[in-house]
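Work through the exercises below with the sequence and the model open. Each task is followed by a stepwise solution.

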Amino acid sequence: MKRIIIEKSPPLKGSVRVSGAKNSALPILAATLLSSGTCRLEDVPDLNDVKIISEVLEILGAKVEKIGKEEVEINASDIRAYEAPYELMNKMRASFLVMGPLLARLGRAKIAMPGGCAIGSRPIDLHLKGFKALGAEIIMEEGFVEAKADKLVGNEIYLDFPSVGATQNILMVASLAEGETILQNAAMEPEITDLANYINKMGGDIRGAGTSTIRIKGVNSLNGVNHQIIPDRIEAGTYMVGAAITKGDIMIENVLSNHIKPVIAKLNEIGAEVLEYENSIRVIGDRELKGVDIKTLPYPGFPTDMQSQFMTLLSVANGKSTVEETVFENRFMHVDELIKMGANIVTNDRKAIINGVNGLKGAKVKATDLRAGASLILAGLIADGVTEISDIYHIDRGYSNIEEKILNLGGKIYRRN
Ligand code: EPU
């Protein structure tokens, strides 16, 4: 089984370039199905999740051509299939994002039900509520969900929770529906704005993305365009924590500091120095680290995708910290692994209390999900001895060239096949 091995490393120093955002690339790749022209996407991260959604697009009849390492051209003029196969849906829950565009283009979409995943049950009720409000009939049977509509008509939709995926699926369907859709309590993540900008470039009419009320006027068709994916704020945040925890000094390039204000605020509070520039951020970790309280929330709150990395940092900060996870019901699986490495963490439901320890020790640990994997890499960099991480396919789903990037910063990390 493939593993990542990390030895106690010197402070990370130098610069690292952040890749395009996974969570922006996935919905935008799905949205290429809305257009009958050719779309060229730049800064598409070289990740397993991107490969999976590209395979889904190909199975549906789109032509997907990789131009360079991080550039892809897609033509979905000939899509005929409206059914995404179980094998691919099972590999990645985000494949569900093709449901909205398929329904919009073909009036029909049948998808194997994305099951629960490690971090929570992750239902899709809000996506379906949106499809229904626009006039689709929803049929659920034998592990499949199907949406059908002769005609999609805009409507007012209130989301009970600002779900990122539901907001994206609704933006995509409503863009080709008749009339106006008003989406209330929409997710406000930068990845929503990126998707809306992309659809607008194609000829769509979406206003208010990035706020909680989004107005979408449906258009008859969308054109092929070029688009550059925004930088990955979670990858950037992970390297920022890397600088703080190793007492290093890293210049993180290709990052929009506006997208990660809560991460910057918490790093400052913990004691790291954060300097913001136009498209880069420098983090210097030469001060004492202090415990803080963190609560994850939808954007612009503290991102759940940075929770585990901060948990590692707080494990070695002075004093007591608390972390509350409000977005997913089961996103503390890294805690047991961090405890194996010597952390002092106690959890009660969605709250964790962390009492800072002087140091961590290397151990054999398991990446239980993508961000949990990142938190263990960070732990391994400062732990005495050797840390061996298994189940690293999770890490490959979402971090582009992570070993190479950390090696370039002076970290001692390698992969054993
Ligand atoms: N939810 C519902 N009903 C729905 C949809 C969601 O109850 O119909 C609940 C979920 O169960 C969860 C909460 O709402 O408890 C948040 O889910 P959301 O739909 O906002 O998340 P997502 O679209 O499934 C995206 C990212 C996640 C990120 C979350 C929150 C992608 C591909 N994934 O997931 O990224 O954690 O938003 O910001 O964009 C990651 O990158 O490691 C990752 C898990």
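**Exercise 1. Classify T167: is it buried or exposed?**

Solution. The model is predicted, so read every value as computed from it.
Step 1. Locate the residue. T167 sits in helix α6, residues 164–175.
Step 2. Apply the cut-off. Buried means under 20% relative accessible area. T167 has 0%, so it is buried.
Step 3. List what T167 touches beyond four places in sequence. The contacts are L159, L183, A186, A187, I192 and I214.

**Exercise 2. Do the same for K151, then find which side chain its own side chain makes a polar contact with.**

Solution.
Step 1. K151 lies in the loop between β9 (144–148) and β10 (156–158).
Step 2. Its relative accessible area is 47%, so K151 is partly exposed. The class runs between the 20% and 50% cut-offs.
Step 3. Setting aside neighbours within four places in sequence, K151 contacts L134, G135 and E178.
Step 4. The polar partner is E178: side chain to side chain, 3.4 Å.
Step 5. Check a pair separated in sequence. K151 and A104 are 47 residues apart along the chain, and their C-alpha atoms are 9.1 Å apart.

**Exercise 3. Determine where the buried residues of α11 lie around the helix axis.**

Solution.
Step 1. Helix α11 spans residues 333–340. Its buried residues are H334, V335, E337 and L338.
Step 2. Recall the helix geometry. With 3.6 residues a turn, residues three or four places apart point the same way in an α-helix.
Step 3. Look down the axis of α11. The buried residues fall within an arc of 170°, so they line one face of the helix.
Step 4. Ask what covers these residues. The cover includes α10 (307–315), β20 (344–348), β22 (364–366) and α12 (370–382).
Step 5. Look past the helix end. G342 follows α11 and has a positive phi, near 105°.

**Exercise 4. Lay out the sheet that contains β20 and place N355 in it.**

Solution.
Step 1. Write the strand order. The open sheet has four strands, β18-β19-β21-β20, with mixed pairing.
Step 2. Mark the edges. These are β18 (293–295) and β20, each of which pairs on one side only. From one strand to the next, the twist averages 15°.
Step 3. Take one pair. β20 and β21 (residues 351–355) are antiparallel and share five bridges. Within this sheet, N344 stands opposite N355 of β21.
Step 4. Check the distance. N355 and N344 are eleven residues apart in sequence, with 5.5 Å between their C-alpha atoms.
Step 5. Describe the surroundings of N355. Beyond four places in sequence, N355 contacts S315, G319, K320 and N344. Its relative accessibility is 33%, so N355 is partly exposed.
Step 6. Add the helix. α10 lies across β18, β19 (320–324), β20 and β21. It runs at about 30° to β21.

**Exercise 5. Repeat the layout for the sheet that contains β22, and find which helix packs on it.**

Solution.
Step 1. This open sheet of four strands has the order β22-β23-β1-β24, again with mixed pairing.
Step 2. The edge strands are β22 and β24 (412–416); each pairs on one side only. Neighbouring strands are turned by 25° against each other on average, direction ignored.
Step 3. Inspect one pair. β22 and β23 (residues 386–390) run parallel and are joined by three bridges. K366 has S390 in β23 as its bridge partner.
Step 4. The helix is α12. It touches β1 (3–7), β22, β23 and β24, and its direction makes about 30° with that of β1.

**Exercise 6. Which residues come closest to the ligand, and where do its oxygen atoms meet polar atoms of the protein?**

Solution.
Step 1. The ligand is surrounded by 23 residues. The closest are D125, S163, D305, V327 and R371.
Step 2. Take the side-chain approaches. A polar side-chain atom of D305 is 2.6 Å from a ligand oxygen. For K22, an N or O atom of the side chain is 3.0 Å from a ligand oxygen.
Step 3. Take the backbone. An N or O atom of the P123 backbone lies 3.2 Å from an oxygen of the ligand.

Key
Residues are numbered from 1 along each chain as its sequence is written. This is a predicted model: local features need pLDDT of at least 70, side-chain atom pairs count only at pLDDT 80 or more; totals for chains, interfaces and linings use all residues. Side-chain values use heavy atoms; hydrogens and water are left out. Buried means under 20% relative accessible area, exposed over 50%, partly exposed in between (1.4 Å probe, protein chains only). Helices (H or I, at least four residues) and strands (E, at least two) are DSSP runs, numbered from the N terminus. The arc is that of the directions from the helix axis to the C-beta atoms. Contact means heavy atoms within 4.5 Å. Two strands pair if DSSP finds at least two bridges between them. Axes are lines fitted to C-alpha atoms, for helices over the stretch in contact, and angles run from 0 to 180 degrees between N-to-C directions. A polar contact is a pair of N or O atoms within 3.5 Å; within protein, one must be able to donate a hydrogen and the other to accept it, and residues adjacent in sequence count only if both atoms are side-chain atoms. A residue is near a molecule or strand if one of its heavy atoms lies within 4 Å of it.
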